[in-house]
Structure formats: C-alpha cells, structure tokens
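I opened this notebook to keep track of what I looked up, entry by entry. The metal sites come first, then the strands around them, the cores, the sheets and a few backbone oddities.

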Amino acid sequence: MQLTPAAALRRRHFLLVGAACVAGGFTTHANAAVANIATGAEGLAVRLRSAPARVHMVGDAEPATAVWAYNGVAPGPALRLRQGTPFRAAVENGLSEATTVHWHGIRLPNSMDGIPGLTQPTIPPGGRFDYAFIPPDAGTFWYHSHDDSLVQMGRGLAGALIVEEAEPPAVDRDLLWTIQDWRLEPDAQIAPGFHNPMEAAMNGRVGNTVTINGLLPTAVSVRAGERVRLRLLNATIARIMDLRFEGHRPVIVALDGQPCDPHEPADGRMLLAPAMRADIMLDMQGEPGRSYRVMDEFYDGLSYSLVSLSYDAAPALRPHPLDAGLRLPPNPLPRPDLARAVVQEVRIQGGMMGAGGLGGMMGASMMGMGGGANWAINGQSMTGDGTAGMPPLLRIDRGRSCILNLHNETAWWHPMHLHGHSFHVLSRNGQPVPHDVWGDTVLVRPREQVRVAFVADNPGDWMLHCHVMEHQVGGLMTVLHVA
Ligand code: C2O
Ligand code: CU
Ligand code: CU
C-alpha cells in the first residue's frame with residue numbers, strides 16, 4: 001500500500017512509504033551534480049553553489065519539495081577524493097541569507113573550518129569563498145552549512161565527503177547512505193517552525209520522513225554472497241537512529257571515518273546519532289529472492305522499517321563469505337599520552353528536567369538562562385553557529401595530550417562533536433570502551449560520563465558542540481583554543 005503524505009500524517013509517527021524499488025543500490029541524483037573541475041592524483045576541485053531548489057524526494061507522484069541545495073540536489077553531491085591529495089571547493093552563495101561550509105571530521109587548517117565569525121567571514125548572499133585543504137585521513141566524512149545551521153541543514157544543505165584509502169579493502173561494492181530527516185506537510189513541503197522552544201529543550205526537531213541519498217527508500221537490490229562496504233552517514237539535524245539489519249551481521253570497520261578493530265556491534269545494533277558515520281561490512285548471506293528489513297528502533301514505540309535489502313534470484317556469488325581482511329589501513333593519527341594529559345571537565349547542562357517526552361513536559365522546569373538559551377557547557381551558553389570574540393572555555397598548549405571528561409548532567413542524549421581533531425573514546429561511566437574506537441562525535445547518554453582523549457596538535461579556535469542542531473544553537477557549544 002502506498003501512503004500519501006496526507007494519509008501518512010495521520011499516523012502517530014509517519015514515515016512516508018514510497019513505491020519504487022531502486023535497483024543496484026541507490027541512484028544518487030547527486031553524482032550528476034558534481035561539477036568536477038579536476039579529479040585524480042591531482043585531487044579534487046569542485047564548485048558548490050548553495051541555492052533554493054525543488055527535488056522529488058517522496059516519489060514522482062507527489063509534489064516536488066522546496067529545499068535548499070548544493071548544486072541543485074539534497075543531499076549535496078557526494079564528493080570523493082584520494083587521501084593526501086588536494087581538495088578545493090569554490091562555494092557560491094545563492095541563498096538570500098549568509099552561509100558557510102564546514103568539512104566535518106577533516107583535520108584541516110583552522111582557516112578552512114567554515115565557522116562564521118570565528119574562522120572566516122560569513123559568505124553573504126551572492127558571495128563566494130574558496131576552501132582548500134589536503135585531507136590527511138581516509139574515511140567517510142561530510143560537509144554541511146555552519147551558518148543558520150538548524151534551518152540550513154534542516155532544509156537540506158549537507159552532503160558526503162569520502163576520502164579513499166590508497167589501497168581500499170576488497171569488497172564487491174562500496175555504497176553510501178546519506179540519511180536525512182524531514183518534517184513534511186501533506187503537500188510534501190517542509191513544515192515551518194524551526195526553533196520551536198519546546199523541542200529545543202528536548203529531543204530537537206525530529207521529522208516524519210527519512211530519506212536515503214535524497215529519496216524515500218523502500219528496497220535496495222543485493223546479490224547473495226556479495227560483500228558490501230556500506231557507509232552510513234547520519235546527516236539529520238536531530239534524529240538518533242538505532243539500526244538493526246534483520247538476518248545480517250554487520251561488522252563495524254570505521255566510526256566517524258577512523259578505522260577501529262573490526263567488530264560486530266552490541267546486540268547487532270548500529271547506534272548512529274546526528275553527524276556520526278559508520279563504515280560497516282555486510283556479507284550478504286541471505287537467501288536469493290528474499291527481502292530483509294533494516295529497522296530503526298531508537299525511539300520507544302516508534303520503530304519503523306527504514307529500507308529493505310532485496311535479494312535478486314541469482315545464485316550466490318560465492319559459496320562462503322569473501323576471504324579478505326576487514327581491517328582498514330590506519331590513519332596518521334597521533335596517540336595521546338594519557339599519563340601526561342591535561343584533563344578538562346566538560347559539564348553538559350540544561351534542557352527539560354525529565355525525559356518523559358511530550359507527556360513529561362507539564363511541571364517540568366527549564367534552566368532559566370534566558371535569551372533563548374536552553375543549554376550550557378560549564379554554566380556558559382554560547383548560542384548560534386560560531387561566535388566572534390567569545391572567550392574560549394578551554395585552552396590547551398599545542399602538542400599537549402588532552403582528556404575531555406564529558407559529564408552529561410541532563411536527561412537528554414547529546415552527540416558531542418569536536419572540530420579539527422579526532423579523539424580516542426576511552427571510557428563510559430568508567431568502563432573502558434573496547435575495539436580502539438576513535439571519532440569526532442561521541443554520543444553521550446543521559447547522565448552518562450564519557451572520557452575521550454586526543455593530541456591538541458592543530459592550532460586555532462575549534463568548536464565543541466552538540467550536533468542536535470537545536471541544542472547547539474541553544475547554547476550547547478563552546479570553543480577550545482589550541483595555541
Ligand atoms: Cu558538523 Cu560544528 O559541525
Ligand atoms: Cu565538525
Ligand atoms: Cu544535545
């Protein structure tokens with residue numbers, strides 16, 4: 001049965017259901033939109049123009065959705081280049097408001113980080129800014145607007161940036177799922193009401209329509225016996241996902257672009273919060289002709305089938321899983337010296353006091369910080385998207401190892417993101433985290449304490465913030481200064 005958006009909206013949790021089965025993985029509109037100037041050993045040079053556009057995300061039978069897009073597509077074009085080769089992007093602003101582009105997870109020079117007021121002047125309507133850097137790490141990264149981010153990302157301004165290993169692992173296919181979440185009205189248009197104060201003090205703006213590579217997904221065709229490297233990118237502004245692959249055993253080989261010890265996730269579930277990426281290896285060991293659902297079961301009582309893996313009838317490509325190593329080559333990341341590290345306490349504060357969801361709102365008290373700030377770090381609320389002149393909360397000497405002790409004193413989940421560095425995830429509530437996990441974003445559960453460590457080897461002013469966009473713009477943000 002195909003639900004129209006109108007019908008879907010009547011459901012408590014409405015994920016629109018499309019009709020088309022997309023063959024051979026998802027066709028991304030995006031690839032057509034890459035305006036490559038040069039690519040290859042010389043690197044990649046692109047032109048990215050942010051501007052309003054109309055895209056068919058919920059099926060051709062429904063009206064096109066007005067979005068804000070890079071090069072006419074949402075998500076923006078998936079950019080790919082080789083590790084250690086130069087990247088250049090000429091960003092032109094065709095919006096009626098200022099913008100910047102942030103290259104999330106890339107360890108780049110501070111002046112290329114895309115933070116308005118802090119690392120560059122914002123790009124005015126009609127303006128242009130040229131970004132250039134050499135990505136040191138291979139992996140799955142992404143780019144997104146960092147000005148009026150809640151609205152600009154919520155309207156579509158985000159895309160994948162894939163840095164390929166010199167020698168990629170042996171797989172049959174390398175697939176990318178750029179996941180976005182939209183709140184659509186029955187006419188398939190994006191609902192107004194960004195910056196809703198109630199949502200801002202709770203989970204943030206979780207939408208009603210989840211797309212993969214810009215399309216409402218139903219099925220992805222797979223072949224029995226093949227090994228797929230699946231790059232998952234949660235490019236949503238608020239939706240935390242907990243993915244379960246029915247009948248399959250995904251193996252995580254990288255998180256946030258950084259290789260880890262290959263391991264199956266606990267309970268087979270892939271917890272993926274906003275801004276996080278996971279590279280998983282999927283051996284297609286299902287039966288030819290059968291279909292297996294990929295469920296998202298994060299929110300209580302609101303689980304749904306995101307997409308299904310649909311096996312074609314062809315016999316298995318090989319009798320046993322591919323006999324090739326799963327471990328990715330290491331990136332050139334410095335290991336922090338924990339014995340000599342400076343320890344910084346980062347207290348995450350604010351929000352509604354109870355996690356009772358909508359029902360718990362009555363009688364709940366909110367932090368009275370005023371000025372629209374619902375959230376704080378160590379008692380200070382830095383709001384917006386980046387701030388000129390705000391004194392950095394944290395200062396670290398260049399080259400020092402640093403431990404961030406993240407205390408979540410709230411009743412809410414926070415994917416905490418650090419710019420310009422990748423950190424080693426050490427422990428959760430004092431329990432060591434196994435599998436040598438690194439990342440640029442770590443999901444901190446309600447009341448949880450997470451320790452991460454990194455070498456502060458990249459000079460400049462770096463944002464540290466929650467990647468639920470309402471939380472960031474509502475004060476869950478600070479600046480770390482490396483001098
Ligand atoms: Cu992807 Cu400051 O963020
Ligand atoms: Cu970032
Ligand atoms: Cu948060």
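**Entry 1, a copper site.** Before listing ligating atoms I fixed the term: donors are N, O and S atoms within 2.8 Å of the metal, and because water is not among the atoms, a site may look incomplete. I also note at the outset that this is a predicted model. With that in hand I looked up the copper ion (ligand 2), and found it coordinated by His 102 through NE2 and His 417 through NE2, at 1.8 to 1.9 Å. This pair links distant parts of the chain, since His 102 belongs to strand β6 (residues 101–104) and His 417 to strand β25, 315 residues apart. Are these two histidines buried or exposed? His 102 has a relative accessible area of 1% and is buried, and His 417, at 0%, is buried too; the cut-off I used for that word is under 20%.

**Entry 2, another copper ion.** Which protein atoms serve as donors to the copper ion (ligand 3)? I found ND1 of His 414, SG of Cys 466 and ND1 of His 471, lying 2.0 to 2.1 Å from the ion. Written along the sequence, the donor residues of this ion follow the spacing H-x51-C-x4-H. Here again distant parts of the chain are linked, with His 414 in strand β25 and Cys 466 in strand β31, 52 residues apart. I checked accessibility for these two residues, and both His 414 and Cys 466 are buried.

**Entry 3, strand β25.** Since β25 had turned up at both ions, I went through the strand itself, which covers residues 414–418. Five of its five residues are buried, so the strand is largely enclosed by the rest of the structure. His 414, Met 416 and Leu 418 point one way, while Pro 415 and His 417 point the other way. I then looked for its partners: four bridges join β25 to strand β29 (residues 441–444) in an antiparallel arrangement, and within that pairing His 417 has Thr 441 as its bridge partner. Three bridges, also antiparallel, connect β25 with strand β31 (residues 460–466), where Met 416 stands opposite Cys 466, the residue whose SG is a donor to the copper ion (ligand 3).

**Entry 4, nonpolar cores.** Which residues have the most contacts inside the largest nonpolar core? That core has 123 residues, and the ones I noted are Phe 87, Trp 103, Leu 161, Trp 177 and Leu 404. I followed Phe 87 further: leaving aside neighbours within four places in sequence, its contacts include Leu 44, Val 46, Leu 79, Trp 103, Phe 133 and Leu 161. Apart from the largest core lies another, of six residues, among them Ile 115, Leu 118, Met 477 and Val 479.

**Entry 5, a four-stranded sheet.** I traced an open sheet in the order β4-β9-β8-β6, with mixed pairing. Strands β4 (79–82) and β6 stand at the edges with a single partner strand each, so one side of each has no neighbour in the sheet. On average, neighbouring strands here are turned by 20 degrees against each other, direction ignored. β4 pairs with strand β9 (residues 158–164) in the parallel sense over four bridges, and Leu 79 has Leu 161 as its bridge partner there.

**Entry 6, a six-stranded sheet.** Another open sheet has the order β11-β10-β13-β18-β15-β16, and its pairing is mixed. The edges are β11 and β16 (258–263), each with a single partner strand, so one side of each is left without a neighbour in the sheet. The twist from one strand to the next averages 25 degrees. Inside this sheet I looked at strand β13 (residues 227–234) and strand β18 (residues 277–283), which pair in the antiparallel sense over seven bridges, with Arg 227 and Asp 283 as bridge partners.

**Entry 7, backbone oddities.** Most residues other than glycine have a negative phi, and most peptide bonds are trans, so I listed departures from both habits. Ala 74 and Pro 75 are joined by a cis peptide bond, with omega about 0 degrees, and Pro 75 sits in the loop between β3 (65–70) and β4. His 195 has a positive phi of about 65 degrees; it lies in the loop between β10 (173–182) and α4 (197–200) and is partly exposed, at 45% relative accessibility. Asn 213 also has a positive phi, near 50 degrees, and is placed in the loop between β11 (209–212) and β12 (219–222), but Asn 213 counts as buried, at 6%.

How values were computed. Residues numbered from 1 in each chain as written. Chains lettered and ligands numbered in written order. Predicted model: local features only at pLDDT ≥ 70, side-chain atom pairs only at ≥ 80, totals over all residues. Heavy atoms only, no water. Buried < 20%, exposed > 50% of the residue type's maximum accessible area, 1.4 Å probe, protein only. Helix = DSSP H or I, 4+ residues; strand = E, 2+ residues; numbered from the N terminus. Pairing = 2+ DSSP bridges. Donors = N, O, S within 2.8 Å, 3.2 Å for Na, K, Ca; no water. Core = buried A, V, L, I, M, F, W, Y, C linked by side-chain atoms within 4.5 Å. Contact = heavy atoms within 4.5 Å. Axes fitted to C-alpha atoms, helices over the stretch in contact; angles between N-to-C directions.
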